[in-house]
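Student: Could you take me through one part of this model up close? I would like to start from a single residue and then follow the strands and the charged pairs.

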Amino acid sequence: MPIPKSDKIWFNGELVGWDDAKIHVLSHVVHYGSSVFEGMRCYETPKGGACFRLKDHINRLYDSAKIYRMDIPFERDELSQAVLDTIRTNDLKACYVRPIAFRGYGELGVNPAPCPVEVVIAVWEWGKYLGPEALEKGVSVRISSWNRLAPNTMPSLAKVGANYMNSQLIKMEALADGYAEGIALDTSGYVSEGSGENIFMVKNGAIYTPSTGSSVLPGITRHSVISLAESLGYRVTTRPIPRESLYIADEVFFTGSAAEITPIAEIDHIQIGSGARGPVTEALQNAFFGVVEGHADDNYNWLTYV
């Protein structure tokens, strides 16, 4: 389905009409994938719309830009305020937020330095990434034939557009084979992540997730789930995870700004646990949505109200 249009997009410091937010076809980003971006959600709460971990998302955007020697021509506080202004202008209570900085129209060569850095913030209504029923029933996934990038090839700590060509291969392969999503392994054969999600497994009451050494993006929802799990009394360990550990886990679930906390019902047609959402996943979902939807205390100061 096409992206549902909102009224305005923030484009290099100005609010322009949705259909007027355009770039030149010879912009550097079109040819070389030279963009850094974020995906975050604004949730509707009893106190109004609230962005989830806005500051952390903006900080990661600048971290990604620093790795790629990209100077964003706005201060962090300016972009944070621009996110709130864009949501308010579009009169949205709950939405997905996409800030992106990219190399625009200039010279067309591998060296991006002569091209200007442009910044856009778009917001739109977006439901559950893997479907609303997935939060309870879980999804069917496969181990992808495509590995995540090797260290020192493309930096996995940066959230950049070019990295998602790898994600597209993982996702398209999974969909073509009748699965909702794919799980990539790292170059050593250990579990890495989904095409756009981090992954956790539960075994004997303990929670495990791959370390950043397995070429995973250090997800903000991932970090939030670790914090919530520890507050609920669970032990969380980051370590290399063999593929077969997923098959014999009690529970496996994805996390991400889009996926939120989505249980995995089966992997490679092997049922995981009961074949639906398990008790640990449910407890984490309840804790997470309690905070982001304003029904529980925000002890972590994760919410920024619009």
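**A closer look at Y32, strand β4 and the salt bridges**

Tutor: Happy to! Let's begin with Y32, which counts as partly exposed because its relative accessibility is 37%, a value between the 20% that bounds buried and the 50% that bounds exposed. Please keep in mind that this is a predicted model. Y32 belongs to helix α1, which spans residues 28–32. On the surface, Y32 joins V25, L26, Y105, L108 and V110 in a nonpolar patch, and together these residues offer about 610 Å² of accessible area.

Now for the strands. Strand β4 covers residues 40–45, and 5 of its 6 residues are buried, so you will find it mostly covered. What does β4 pair with? One partner is strand β6 (residues 95–103), which meets β4 in the antiparallel sense over 3 bridges. In that pairing, M40 stands opposite V97 of β6. Strand β5 (residues 48–52) is also antiparallel to β4, and 4 bridges join the two. Here C42 stands opposite C51 of β5. With 2 residues between them, β4 and β5 make a hairpin.

On to the charged pairs: the whole structure holds 12 salt bridges. One of them connects K5 and D19, whose closest N and O atoms are 3.0 Å apart. This pair links distant parts of the chain, 14 residues apart: K5 sits in the segment before β1 (8–11), and D19 in the loop between β2 (14–17) and α1. K5 is exposed, as its relative accessible area is 57%, whereas D19 is partly exposed at 47% relative accessibility.

Another salt bridge brings together the side chains of D268 and R243, at 3.2 Å from N to O. Because D268 lies in the loop between β15 (260–267) and β16 (270–271) while R243 lies in helix α7 (residues 243–247), the pair ties together parts that are 25 residues apart in sequence. D268 is partly exposed, with a relative accessible area of 21%, and R243 is partly exposed at 33% relative accessibility.

E282 and R277 form a salt bridge too, with 3.7 Å between their closest N and O atoms. E282 is partly exposed, at a relative accessible area of 33%, and R277 is partly exposed at 25%. Finally, have a look at R142, E173 and D177, which a network of salt bridges links together.

Terms used. Residues are numbered from 1 along each chain as its sequence is written. This is a predicted model: local features need pLDDT of at least 70, side-chain atom pairs count only at pLDDT 80 or more; totals for chains, interfaces and linings use all residues. Side-chain values use heavy atoms; hydrogens and water are left out. Patches are made of residues with over 30% relative accessible area and no salt bridge: like charges are joined within 9 Å, nonpolar side chains (Val, Leu, Ile, Met, Phe, Trp, Tyr) within 5 Å. Accessible areas come from the Shrake-Rupley method with a 1.4 Å probe; for residues, only the protein chains shown count as cover. A salt bridge is a side-chain nitrogen of Lys or Arg within 4 Å of a carboxyl oxygen of Asp or Glu. Buried means under 20% relative accessible area, exposed over 50%, partly exposed in between (1.4 Å probe, protein chains only). Two strands pair if DSSP finds at least two bridges between them.
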